[in-house]
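Thank you all for coming. Please take a moment with the sequence and the structure before I talk through how the inside is put together.

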Amino acid sequence: MGLAARNHALPLEALRSPITPVGLHYLLIHFDIPDVDASRWELAIGGLVERPLQLGLGDLQSRPARTLAVTLECAGNGRALLSPRSASQPWLLEAVGTAEWTGTPLAPILREAGLSPGGKEVVFTGLDRGIQGGVEHLYERSLALDDALRDEVLLAYALNGEPLPPQHGYPLRLIVPGWYGMTHVKWLSTITVLGEEFRGWQQEDAYRIQQSDDEVGTPVTRMLPRSLVVPPGIPDFLSRRRFLEAGPCLLEGRAWSGWAPIDRVEVSVDGGDTWADAELGEAVSPYGWAGWSVVWNAVPGERELCCRASDTAGNTQPLEAEWNLGGYCNNAVQRVGVTVS
């Protein structure tokens, strides 16, 4: 209950907005929000580099800036729909948002520091500290060096044109387009180049697809394709079942994938027995979701709406989820119960 109370999801009606307002963007905060004095804060770049750097916020803001619209989704999105459910944040389907992040590209800074031979991974350390799995640690994640050097990876200091709010990582966070949310380290303080595999708790123990604790598992990386519909009509307060009148009804939503562009969204109004193609709009950016829509001639009765997305890499949402121990990467199709009168 404590986790559910301090983290919040995107209201699905906010899918109508191509860019998510800051206050509606999903949030997952592992530990506490650090109290950071930006006038004294510095980012340290070290490890296997020839020229270690110490950069203040002004130093970073004076460098070439780039703004990217990026869809972020929590790796645990859909966890609450699995049974048995992992004892972690009980997301349904709303742990997502698309915002415009402004910052400076990471790659030129790493090259300026002078990458030494033998560098394999880059570790990103945040200022948030706590205990998870019985281990006290700072929140840290790593990327392979080649992934860290991708052009789209940003050190972001602004969100939707404003300085980062405290809950989104002020004064600086990492943005890695296409990857699940655990990768985008907030309250960034240190970047370290290593010559070996990073074995921090959030990398080695968390965010891995496992069937049991005994398995090493495979790491969670890029977002699988997903489509969500704006629930039509009006809701029942407790059950959230939808109610609407018969007749033409515009169904609309968003779809995204971290592997490749979305090239198809299908909609079903009979629980997945039959499907029809929706009209797909242009993505907000190469790293953001695309809108879709279809007009449904709703007839009286009980209906179950579903939508599924496919990307150009050949990935398609499954009808049913594959269970795993951490409840990660559940991208099974959304199902919305509707009563048409």
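Which residues does Ile 191 touch, not counting residues up to four places away in sequence? I should say at once that what we are looking at is a predicted model. In this model, Ile 191 touches Leu 43, Ala 44, Ile 45 and Gly 46, then Leu 106 and Leu 110, then Val 122, Val 123 and Phe 124, and also Leu 155.

That list leads us to the core. The largest nonpolar core has 70 residues, and Ile 191 is, together with Phe 124 and Leu 155, one of the three that touch the most other members. If you look for the element that gives the most to this core, you will find strand β7, residues 154-159, which contributes 6 residues. There is also a second core, separate from that one, with 19 residues, among them Leu 244, Val 265, Val 294 and Cys 307. As general background, nonpolar side chains in soluble globular proteins tend to be buried together.

Let me turn to the aromatic rings, where the count comes to 3 pairs. One of them is formed by Tyr 26 and Trp 91, edge-to-face, with 5.9 Å from centre to centre and 80° between the planes. This pair links distant parts of the chain, 65 residues apart, since Tyr 26 sits in the loop between α1 (2-6) and β1 (43-47), while Trp 91 sits in the loop between β3 (66-73) and β4 (96-105). Both Tyr 26 and Trp 91 are buried.

Another pair is made by Trp 256 and Trp 289, whose ring centres are 5.9 Å apart and whose planes meet at 55°, so this pair is tilted. Because Trp 256 lies in strand β16 (residues 247-256) and Trp 289 in the loop between β19 (279-283) and β20 (290-298), the pair ties together parts that are 33 residues apart in sequence. Trp 256 counts as buried because its relative accessibility is 2%, and Trp 289 counts as buried because its value is 0%.

A further ring, that of Trp 275, has the charged end of Arg 308 sitting over it, 4.0 Å from the ring centre.

Finally, what about empty space? A search of the whole structure finds 1 cavity of 30 Å³ or more, and the largest cavity has a volume of about 200 Å³. It is lined by 19 residues, of which Leu 28, Arg 173, Gly 181, His 184 and Lys 186 are the closest to its centre.

Conventions:
Residues numbered from 1 in each chain as written. Heavy atoms only, no water. Phe/Tyr/Trp six-rings, centres within 6.5 Å; stacked < 30°, edge-to-face > 60°. Helix = DSSP H or I, 4+ residues; strand = E, 2+ residues; numbered from the N terminus. Buried < 20%, exposed > 50% of the residue type's maximum accessible area, 1.4 Å probe, protein only. Lys NZ or Arg CZ within 6 Å of the ring centre and 35° of its normal. Core = buried A, V, L, I, M, F, W, Y, C linked by side-chain atoms within 4.5 Å. Contact = heavy atoms within 4.5 Å. 1 Å grid on protein atoms, 1.4 Å probe; cavity = no way out; pocket = protein on both sides within 12 Å on 5 of 7 lines; lining within 4 Å. Points joined across faces, edges and corners; volume = space filled by probe spheres on them.
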